[in-house]
Structure formats: C-alpha cells, structure tokens
Amino acid sequence: MEIVLAIVVGALYTAGVYMMLRRSIVKFIIGVILLSNATNLLVFLSSGLVPGRPAFSGAAGSSSAPAADPLPQALVLTAIVIGLGIVVFALALKYKFFEMTGTDDLDQLQKTDKR
Amino acid sequence: MNALVAFPILLPFVLIIVLLIFRTVRIAGYIALAGTFLLLMLSFVLFWMVRQQGVVVLQMGGWEAPFGITLVVDYLSALMLVVAAVILLSLAVYAPRFLPGEISITRFFQLFFALAMGLNGAFITGDVFNLFVWFEVMLMSSFVLITMGRTKDQLEGGIKYLALNLVGSMFFLAGAGLLYAKTGTLNMAHLAIILRDDCQAITMNTTAILFFMAFGIKAALFPLYFWLPASYHTPNIVISSLFAGLLTKVGVYAFIRFFTLFFVQDPRFWHPLLLIIAGLTMVAGGMAAAAHYETRRILSYHIISQIGYMIMGLGIFTPLAIAGSVFFTLHNMIAKTNTFLVSGMINKARGTFELKEVGGLFRQSPLMAVLFIIPAFALAGVPPLSGFFAKFILIKAGIENGNFVITSVAVITSMLTLYSMIKIWNEAFMKVQPANEYASRSFRKPSFGEYFPSLFLGGISLLMGVFAVYLFDYTLEAANQLLNPDLYIETVWKGGTGK
C-alpha cells in the first residue's frame, strides 16, 4: 500500500510543478493546492501505514500489535488547515488583482521588477 | 519562573485581542506602544534568566521532552528576542506617523502583533514542526500586510512574494516529514542526540537540502532571492521597514539553529556549499544595489547582500565565526530598519523615493542627514559603529581559518555597500534639488515623534559599536552554546519541567 501512495505523492508533485509553471495565476494556485496535498500525504506516510489499527487503543492487552503513530496524523491535520487558509488568501488576492487589472497572465506581472 | 518563556508568544496574542476590542485609532497607538515596551522588558527579563541559568526551558502542557512541544531560550534566542523587540518598539512609535490615511492603524497593529507573535514563536520554539507553524503565522500576517494598501503594485508584489514563499513552506513541510520518517522525532534536542553521532551522513543530506531550500527562500539567498526585490519596495514604508529588519533574519536564525544543532554530519559538503552561496549572495545583492536609483530598491537589494555575511560565518564554522554571524545579524537588524525609517522621512519631505528627483536635504535638515549617516556608516562598516566590529570579527575568523576567498569577497562587497550608501548620501543630501514638481513642496521639519525612532535605533548602533566588547562576549557565549549543545540537550531532556 505504501508503494502505491508513494507513487501518488510523486504524481501529485509532478502535476503540481507542471501547473505552477503555467502562465495563468489560477493554474498556479491549482498547482499550489496539488503540491500542498502531495506534501501532506508525504508527511502522513512518514511513519509508515498501520492498517486497521487506531492511533490510541484503550484495551491493555492489545500491545502486541503495533498501534498507528498519532503524530503524523496530528501534523497533517495542522498542515491541511494552514494550507486551506493560504489557498483561500491566494484566491482572494488573485480575485482582487483580476478586478484591478483584468489580466490572468503571469507574463504581465513585470511592473515591480522593472525600474 | 520558567513560565515566562511562553510570554513572548502570549503577550502579542493578548494584544491582538485587545486591539480587536478597542478600535479607536488614538487608543490603538498607545496600546501598541505600551505592548511593545512590555515585550522589550520581557525580553530583557528572559535575557537575564539566560545569563543566570544558561538555557531556560518550558515544556508546554507539562509533557516531557520528546512528546510535547518544548520552548527553549538560549543566548541566541534571547539576543534575537531583545533586538526584535527593540525594532518593534521603534516601529510602534513610527507607524502612526507614517501610515497613509487609507490604512487603518488598528488593523495594521493587529497584523503587526500577529507578525510579532510568529517571530517570537520562531525564536523560542524547540520543535521543528512548531517552527513550521510559527513560520506560517508570520507568512500569513505578512501576506496581508504587504497587500494592505491594495494598489496595483502591491497586489503584484504580493503575488510574487506569496508564490515563492509558499514553495518554501512546502519544502519545509516535506523536510519535516522526511526528518520524522528517518529519526522518529521532531524535537530539536532529541534530533541532536540522534543525529550528532550519526554515521550515515549521506542519508540525512536529502532531508537537510529540503531545509536548506526552505530557509534559503526565507532568508533570500543567492538563487532564491527574487521574491524580495520584487515585493519589498511596493508596500508603505512602515511595512517595508518592518519586513526589512525582521523577516529574512528569521530564515538566518533557522539556518544557524539547524546547521549547528543537528545537521552537522557532513561538514565537507555543507560548509563549502554555504560559503559559495554566501559569496554569491553578497556579490549579487551588492551589484544590484549599486545599479538602482530608488531608495527602497537599493536598500532591498542591500538586505540580500548582507544576508551573505551572516551565512558566511556559518560556513566558516569556528566559534569566532558563529559569534561574528550572530553579531552581524543583530547589528544588521537595527541598522537596516533604521535606513528604511530614514528613507521614509526623505519620502515624507519630498514626496518621492526616486533619488534623481530629490536633493538638498542636508541644508534643509542637517538632523535628518545625521540620522541617515549613522546607519549608513554602520552598514558600510565605519568605526566606531556596530558594523565595523561585526565585519571585523567575521573577517578575522575567515583569515584565521584560512578561508581567504570568501574573506576577500566580503571585503570587496564592503566597498559596494559603501558605494551604494554614498550614492544615497550624495543624491538625497548633498546634491542641489533639481527643478521639478517635487522642488516646490513646502518643507516641514520632522517632528520629534517622527525622528525619535531613527534616533533611538541610531543610538543603539553607536552603543553596539562603542561597547562592542560586551556584546561580543554574549555572542561568543551564544556561539559556544551552539557549537557544544550539551547544556541545551541536557536542559531540554532532563530538567525544565517548569519549577
């Protein structure tokens, strides 16, 4: 199962980088979403998968089977929330920018780099 | 007593809530002033505690070291906290007088304290993932701050700033994931125990390089700095000065922390890499600064050039060099913010940041000229100001350790710095005011509240130079703590359950 998820992570990174390199700002934001999900999955995978076991088990005698590691799950939850906030802000920024300039083309964003 | 460690995070948080309740503009200014003053006092108390105990630790929620989040203050953190609080205090005085009418002062100060909270959190946390969270707190508030005026330039600069910094955050998070996968912990002291005598250096490099990228983007190192000059000149000068002094230095702080505490397995790869990057950063930033004629752009490129010096000390990696890095970072935070403050005053006097359009300020306001010359000479490294000793320590460390190439690059870059500072001096202060639409503006002498922050920071630059030996002792102590982290590890690991 881990190998499948590892391939998914790789595919998400590829797609995310591809989208980020497009010229449209919206596609850039989609790229950010893909990248952040790929990273979340990577963190989730970091302790290995323990299928069918809860993170904490109340039963005292069940210590022979390994419990799932709760830490990556907690980290991923935090990271998802942060990622959501950032994507929402990026979309709002893009909307404001589009309202003001009417362009979605990253090649038009040259003003602050020129003298 | 150790519970005080959490207060640099709690205090700004409380202030945000207070500012959400009291929205009157006049009160907001006073609340911010009182709040930043309290923060400064608190940082001094923490510094005093570090002098007494060496390393002060607080385990959040009473969870023992590798399981909970640990907050740690050692000499490096304490020094950074004090200097950051000094800058926040001077900006709390400066901001109400220089913010344009369309930016609400109350909203500005809410975000200002959100930034302060993220900053202080990043300085005192002892947990890798927690550091990520504080970075994000800082990023989110800086995103909002940079686009606050909602002009076209600011939105455009904001998009560029957001784009690269988001990529940096992803690198950071991916690095944290891989680090956890390889070691099973994210507590910095625990990581140090596991990694400091690790034989499989090569396997850790893949993780370390992700952190290198993340902090490199944050700190604006050579191939990764392009977000900084594209965005730092767009927002209001108050916000630019806030970012200039504080944001990139958090990246440098994280570099120093990570690459002295636990990424020390493969110095034959990392130290030359850090030195090469440092040299390129210095030269690229210095050359670009020399080419520009807009105050804020010159100063923005100049930030990049100075980051090179801080990383240079880390690349040389002797106690003296690390002390030099820390000294340089502290000096640079103060002097850099100050130059931005003065450029705000120039803008207020003339209505533009373009150096070609202004002139004759020396005759109209000698005080402003003096206020500019102190941080400018401090940055260029003229004795007896702080920058001279900062550069002297770094160059001495470089020569003693035999790193002659980087040392000569550092000396030559000093000349570039001096050149760009003299350029501002000549154009804005000495030259006769050209006859244009800015010449007819009636000149108003800056009021006490307007020049006080700059005077305050200038005085500190001078004191840091005159009493450099005391500060140097503290930075050397910080460097020794970083290079022999036994005390750090032991305090986090065994004691510090909050007596």
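**Entry 1: Tyr451(B)**

I looked up Tyr451(B) first and found it in helix H18 of chain B, which spans residues 448-466. The model I am reading is a predicted one. I then asked whether Tyr451(B) is buried or exposed. Tyr451(B) is buried, because 22 other C-beta atoms lie within 10 Å and the cut-off for a buried residue is 20 or more. Setting aside neighbours within four places in sequence, I listed the contacts of Tyr451(B) as Met345(B), Leu367(B), Leu371(B) and Pro446(B). I also checked Tyr451(B) against Gly61(B), 390 residues away along the chain, and noted a C-alpha separation of 44 Å.

**Entry 2: the nonpolar core**

I turned to the largest nonpolar core, which has 221 residues. Which of its members touch the most others? I recorded Leu79(B), Ala176(B), Phe255(B), Ile311(B), Phe327(B) and Leu394(B). For Ile311(B), I looked up the contacts beyond four places in sequence; they are Leu221(B), Phe255(B), Leu274(B), Ile277(B), Ala278(B) and Thr281(B).

**Entry 3: H12(B) and H17(B)**

I next examined helix H12 (residues 295-316) and helix H17 (residues 404-430) of chain B, whose axes are 11 Å apart at an angle of about 160°. The two helices, H12(B) and H17(B), are therefore roughly antiparallel, the cut-off being over 145 degrees. I noted the crossing of H12(B) and H17(B) as left-handed. From H12(B), the residues Thr295(B), Ile298(B), His302(B), Ser305(B), Tyr309(B) and Met312(B) meet Ile406(B), Ala410(B), Thr413(B), Thr417(B), Ser420(B) and Ile424(B) of H17(B). By class, I recorded 6 nonpolar, 6 polar and no charged residues in this contact.

**Entry 4: H4(B) and H5(B)**

I then took helix H4 (residues 105-124) and helix H5 (residues 128-146) of chain B, and found that their axes come within 8 Å and cross at roughly 155°. That angle makes H4(B) roughly antiparallel to H5(B). The crossing of H4(B) and H5(B) is left-handed. Among the residues making the contact, I noted Leu111(B), Ala114(B) and Gly118(B) on H4(B), and Leu131(B), Trp134(B) and Phe135(B) on H5(B). The contact of H4(B) with H5(B) divides into 13 nonpolar, 4 polar and no charged residues.

**Entry 5: chain B against chain A**

Last, I looked up the contact between the chains, which takes 29 residues from chain B and 28 residues from chain A. On the chain B side, the elements giving two or more residues are H5, helix H6 (152-183) and helix H9 (227-231). Which element gives the most? I found that H6(B) does, with 19 residues. The side of chain B that touches chain A divides into 17 nonpolar, 6 polar and 6 charged residues.

Terms used
Residues are numbered from 1 along each chain as its sequence is written. Chains are lettered from A and ligands numbered from 1 in the order in which they are written. This is a predicted model: local features need pLDDT of at least 70, side-chain atom pairs count only at pLDDT 80 or more; totals for chains, interfaces and linings use all residues. Helices (H or I, at least four residues) and strands (E, at least two) are DSSP runs, numbered from the N terminus. A residue is buried if 20 or more other C-beta atoms lie within 10 Å of its own, exposed if 12 or fewer, and partly exposed in between; C-beta atoms are placed from the backbone. Two residues are in contact if their C-beta atoms, placed from the backbone, lie within 7 Å. A nonpolar core is a set of buried Ala, Val, Leu, Ile, Met, Phe, Trp, Tyr and Cys residues joined through C-beta atoms within 7 Å. Axes are lines fitted to C-alpha atoms, for helices over the stretch in contact, and angles run from 0 to 180 degrees between N-to-C directions. Angles under 35 degrees count as roughly parallel, over 145 as roughly antiparallel, 65 to 115 as roughly perpendicular and the rest as oblique. A crossing is left-handed if the near helix is turned anticlockwise from the far one by less than a right angle, and right-handed if clockwise. Ala, Val, Leu, Ile, Met, Phe, Trp, Tyr, Cys and Pro count as nonpolar, Asp, Glu, Lys and Arg as charged, and the others, Gly among them, as polar.
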